Every structure is written in structure tokens, then in C-alpha cells.
Amino acid sequence: PSPRCALSVSPQLQHPSAEVREYACASISKLLQQKHVIPAFVQRDVVRCLGPLLMDHSLAVRETAAGALRNLSACGGFDVCDDMVTNDIMTPLVALLKECSTGLDANQLSPKKCRGMNKNYIEDIANEAINLLWNIWQVLECNNTALYIFNKEGCLEAVLHCMKKFATNVDLAISVANCLQAVTEDNPDLLSSFNTSAQQILETVMLCPESTMKHILLRTLIAGTIWNIKDTIPPGSLGSTVNAILKIFSESLAIDAGETIIRMSEAEKNRLKVTVEAETEENMSDTTENCVLSEDDNMEEIPKGKLRRENDVSDLLPSDKWELKEVTALLTAQQTALEIIVNMCCSEDPSDDEWEELSSSDESDLFMENSYNEGSGLLLSPLCLSDEVNSAFLNNLIPKKILEKTAFPNSVALDICMHNPSWKPLIKKLNAVQCRALTCLQSILLVSDVDCLGGASALQSLAQHVSQLIFSKTELPTDTDFLEAVTSALRALLQTMASKNISQCMTPEQLLALCEAGIQSSNASVRVNMVSILGISGSVLAKGQDTAETLKMIGKFLLEVAMKESSLVVAGEALDALFDVFADGKEAEKAALQIKLLPTLKEFQPVFRMRIRKEGKGQYSTDQLCVLDNVKMNLRRFIAYQETLGKTPT
């Protein structure tokens, strides 16, 4: 479609016929899924045209208008969403949410059938509206205007009322849970609205016993919301609440996604086979009984290819997609759980009393089903109170379930996804789960005590596992997300091992080969990790004997990166690594002399200072500039230190 479509369709939004308005909204909704037509619709002020239709007298128009705006928010990006808020989309959206909340109990059904069932317009409109709100919130990252309106206009009550339908409409509940997790993050002004009644709604959902993948996703999202509002929970209840959250994450991560894909794919094949056979029988029946069937026009039509199953959630989903949706829900739940764990690692510490109650809770035993990971040899510690309460919490988040997620996805499952166009998008989700697990592992390593991690042997086994992820193929992986995650985990692991004088399982030659390949990455974070890894390894080698030759290779590599790297952040990290490697030790002094480290750095110092002055402003954040200033100061000090050694070549 061309941008001219906007000219032809937009005027129909004002048509006196509700059916025409509905058709226009549906047409725009479909067109807006193609990004290249969005500018034309924005120029035609589509937001101002669609906004009032959220309160149209026709429920069908409301639903299609909300769907069109939802697609616009999902595909338009930051500028479009910002324009939506500027054009006051929040006013009709809030009004719509409140009307939906009021109308949910009315159970307004359409006389038309949808997948063999009566269509509930109010719930479907609410689903579109809440997804629109969630999209705006995600893209704009807590826009002040949207934030203020949501907090002050009582939106939370309306959204929570929709959550009460979770037992009969899990899709609506998931939409609400996604929205709640987003709006409660870094939103302290909203906390006062979470009264006892609101918390009871969340608790009821979190404790629902249904075992479908969609319900697992729902519980995971609600657990994330409860973590966001933990400051509203009485100190005496926080321990049991956190343990309930951990139990939900454990439930999600315990499921093998690869095996689930294999099982669901087989289930899909079997169901479709039965469907084909049923259609064949139905067609044969139509041939002989067509006159009988046509006599009763009021007979309920059973859609072709659909086998009705009592109390089966798949009956509410498209007949050829429910298995795929279940797997998608599982992978989303696992990714969400891992992301929340990372956030937990970075959160503020609760009080000692809270952790005392948490550590004594019986539910902690439920989460730590096994105290030993046979696969990696990693000992798993139960929750225990320590001086660093955050570390004590993280000790409970190192079960084998998280470590297993760092492995490459099941090859059979990948093959299934690769050869099924509908399932192919799952490959990206499988890889995302692995990356989040590696990031989670990195966060845990940065804040946990070595003994609680299982000691030296456990860390060595873990290092071997991570190195196998990197060296499992002849060439370095090209996926930058994976490469950043795995090198970040390796960096944190090697740093932890070095700080405790634990011998590393990777040879200097392996690390050099890794860094030489990784420094070519287009991702600056990967390059930072590479030079940092080499710096950690070099600082360990500098304490040994007969390591000067290896230190020379490391020093030359880091010098070249510092002088030739296009990113100042990476260059600064390379200099920091040099300071660590050549800070002390006879072998380091010997290697420094042979590579002429001091004169090279003295010559490079004014160049580095000039680069910071010229390139710093506008290209780097305030935090990055502070780090670079520290590197510049440390470079001056390191040169002075090297000069005091009296090793300057004549």
C-alpha cells in the first residue's frame, strides 16, 4: 500500500455509519503494521482522528480504533508515541479504561459468534486499550505526562478490575500483568494506591494453580509487579512474599523449553492430522445430508477443522496456533524471570530483620530443591543471613535451573523451528533466554560471596562451562547480544576467581586468541569486555614466574588497542588493563622494558588527553566522561610510578 491510502481511508473515520467507521479503523490498523506508511498517517493527524473513536457509541468501533492505535504505538517508535501523548491520547484512553472496568460485570456479549463462542466486546476492548497503554509506557519509558495521568486519574483501580477476569480470560490478565509490571517500575508515587484490596488481587492471581504456560507467564509477570511494589509490603510479610516470588521463578525456569517445543510440535502435528480426517468425514457427510443441515438456519455452526474440548484453554485460541502460543508464553516467562532476577541483584538492600524472617521461612526449602548441581559441581546455598544481605539473597538464586539456561538451545528444537515458518521466531526467543541467563549469572557473580557460590572447584567448573560456550565452534560467535552476555559473564567470573587466587581454566594463549577475535566486534561493550578479560588474566600472570614472554604479548595487544581504538571508552579500558597487568612484579617489569611501555605511554599521553577534549563532549555520557577522567589521571600516575622504578631505557 502507498501513502495515498491514508488520504482515502482517514475521512471514513467520520462517516455517520458505524460499520463504515469500523471498517476504516480496521483498514488503518492493518496498514499501520507496515512502518513505511506510518508517516503519511501521522501527517493526516491520525491520532486526533482515532482518539475520539475510543468513546464511540459503537463497541465494535471502539475495539478497532483501540487496535489501530495499539498498532501505531507498537510500530511507530518513540516519536510517534510521544506525539500520541502530546495529542492527548491519554484522556480518551483513561475514559475508555474506566468504562471497560465498569462494564466488565455487565457481561456484554455480541450476538455474533467468534470461534464458535459469543464475543465479549468489553473484555476485548479492555485488552486492546491496556496493550495500547503498555506500549506507550514501554516506548516512552515513563513519560512524565503519561505517568502523572495514570497515577492521578485512578487508572490502577480500573486496570486491576480487569485482572479479576483472570480465571476466564487469561489473555486479558496477561495484558494487565504486562502493563502493571511496566507502570510499577520506578514509580514511587503509585505505591500508595496499592492498598490491601489491590494486593489481595495480585496475591490471588499469583497463587492460581493452573499449569498452562500462559498461567506460568501470568504468575511470573505478577511476581515482577509485586517485587516492584515490595516497599508497600509489611516487613513481617516480606520474607514469605519474596520466597513466593522465588518459587514462581523456579517453576518457570525448571521447564525445559527445548523439550517443550519438541512435545508441542508433535502435538500440533497430531491435532492437525485429526483435523484433516474430521474435515474429510464432514465433507462426506455434507454430500449425503446437505439438505438436512440447511433446514435449520438457527443451528449453531461448529467451525470446520475444530474439535471442541471441554475446559481446554486451547479452545479459545486460533485452531492452528495454540501450541505455538503456549511455547511463546513459556519463553517469555523465562526471559522475564531472568530479567527480574538481574534487577533484584541491583536493588537496594532490605533490612536485616526482613532477611532474618526470609531466611527462616520454610518456603525457602521449596525453592532450593537440590543443594548440589551435578552438572557443574556448583553447590547451592540456602538463604542465609549475612552482613551483605543482598549477597545473601542472591545465594538463593543460583540453582541449576538458571545455569542450564546459559547452555545453547536444544538442537532438535532449533531444527523444528527452522523448518516451520510459524515457529521460526522462537529461535530469537530461545537465544534471548540464553543471553538473559548469562547476564543473570554475571550479576550473581558480581555480588555473591565465593564460598556461597560453592568454592573454588565450583567456580572452575563454571569457568569451564562458560569457556565451552565461547570455544564450542571454530570461529567466535557473531551474535553480538550473545557475545556481549557471555564475555560479560566470563569477565565477572575471572575477576571473582582472580580476587580469591583461584587458578583459571583458560590458558593465556586461549584468552589472547579470544581477545584478538573479539576486538573486531562492532559492539563496543564486547571490546571492553575483551580487554578487561585480558587485563585480569595478565595481572594474575604477573604474580607468577617465567611469564614475561606472555606478558609481552598481552602488553603489545593492549597498547595497540589503546592507541588505535576508535572508541575512547574501549581505549580507556585498555589503559586500565595495562595498569593492572604492569602494576607490580619482576616479570611485569621485565616485560615492560622489552615492549618499551614507559616511553610509549609518555608519547601517547598528550594524544589521549587531546582526544578526550575533542571527542568527549556530545559523544559520551557524563558517567563515561568521569571514567575517562579517572583513566587520564591514572595514566599520569602510572607513568610517574614507572619512572620511579628506574627502568627507563637509556
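These exercises walk through a predicted model, each with a worked solution.

The model is predicted, so local features need pLDDT of at least 70, side-chain atom pairs count only at pLDDT 80 or more, and totals for chains, interfaces and linings use all residues. Residues are numbered from 1 along each chain as its sequence is written, and side-chain values use heavy atoms, with hydrogens and water left out.

**Exercise 1. The overall picture**

Task: Find how many helices and strands the protein has, and what percentage of its residues count as buried.

Solution:
- Start with the elements. The protein has 31 helices and 4 strands. Helices (H or I, at least four residues) and strands (E, at least two) are DSSP runs, numbered from the N terminus.
- Turn to burial. Of the 650 residues, 52% count as buried. Buried means under 20% relative accessible area, exposed over 50%, and partly exposed in between, with a 1.4 Å probe and protein chains only.
- Finish with contacts, meaning heavy atoms within 4.5 Å. Take those between residues at least 6 apart in sequence: 75% of them join residues at least 24 apart.

**Exercise 2. The nonpolar core**

Task: Name the residues with the most contacts inside the largest nonpolar core, then follow L50 and L218.

Solution:
- Fix the term. A nonpolar core is a set of buried Ala, Val, Leu, Ile, Met, Phe, Trp, Tyr and Cys residues joined through side-chain atoms within 4.5 Å.
- Read off the core. The largest one has 200 residues, and L50, M163, L218, L575 and F582 have the most contacts inside it. Helix α15 (residues 322-345) gives this core its largest share, 14 residues.
- Follow L50. It sits in helix α4 (residues 46-50). L50 has a relative accessible area of 0%, so it is buried.
- List its partners. Not counting residues up to four places away in sequence, L50 touches L13, C25, I28, A65, A68 and L69. The C-alpha atoms of L50 and Q14 are separated by 9.5 Å, with their positions 36 residues apart along the chain.
- Follow L218. With residues up to four places away in sequence left out, L218 touches M163, F166, V170, A173, I174, A177 and V205.
- Add the background. In soluble globular proteins, nonpolar side chains tend to be buried together.

**Exercise 3. Two helix pairs**

Task: Decide whether α2 and α5 are roughly parallel or roughly antiparallel, and do likewise for α25 and α26.

Solution:
- Recall the description. Two packed helices are described by the angle between their axes and the distance between the axes. Axes are lines fitted to C-alpha atoms, for helices over the stretch in contact, and angles run from 0 to 180 degrees between N-to-C directions.
- Take the first pair. The axes of α2 (residues 18-31) and α5 (residues 59-86) come within 8 Å and cross at roughly 20°. α2 is therefore roughly parallel to α5. Angles under 35 degrees count as roughly parallel, over 145 as roughly antiparallel, 65 to 115 as roughly perpendicular and the rest as oblique.
- Check the contact. On α2, A18, R21, E22, C25, A26, I28 and S29 take part; on α5, A60, V61, T64, A65, G67, A68 and N71 do. By class there are 8 nonpolar, 4 polar and 2 charged residues. Ala, Val, Leu, Ile, Met, Phe, Trp, Tyr, Cys and Pro count as nonpolar, Asp, Glu, Lys and Arg as charged, and the others, Gly among them, as polar.
- Take the second pair. α25 (residues 508-518) and α26 (residues 524-541) pack at about 160°, with axes 9 Å apart. These helices are therefore roughly antiparallel.
- Check that contact. Among its residues are L511, L512 and C515 of α25 and M530, I533 and L534 of α26. The classes are 10 nonpolar, 2 polar and 1 charged.

**Exercise 4. Positive phi**

Task: Say where D88 and D186 lie, and whether each is buried, partly exposed or exposed.

Solution:
- Start from the general rule. Most residues other than glycine have a negative phi.
- Look at D88. Its phi is positive, about 65°, although D88 is not a glycine. D88 lies in the loop between α5 and α6 (90-103). Its relative accessible area is 38%, so D88 is partly exposed.
- Look at D186. Its phi is also positive, near 55°. D186 lies in the loop between α10 (170-183) and α11 (196-206). D186 counts as exposed because its relative accessibility is 67%.
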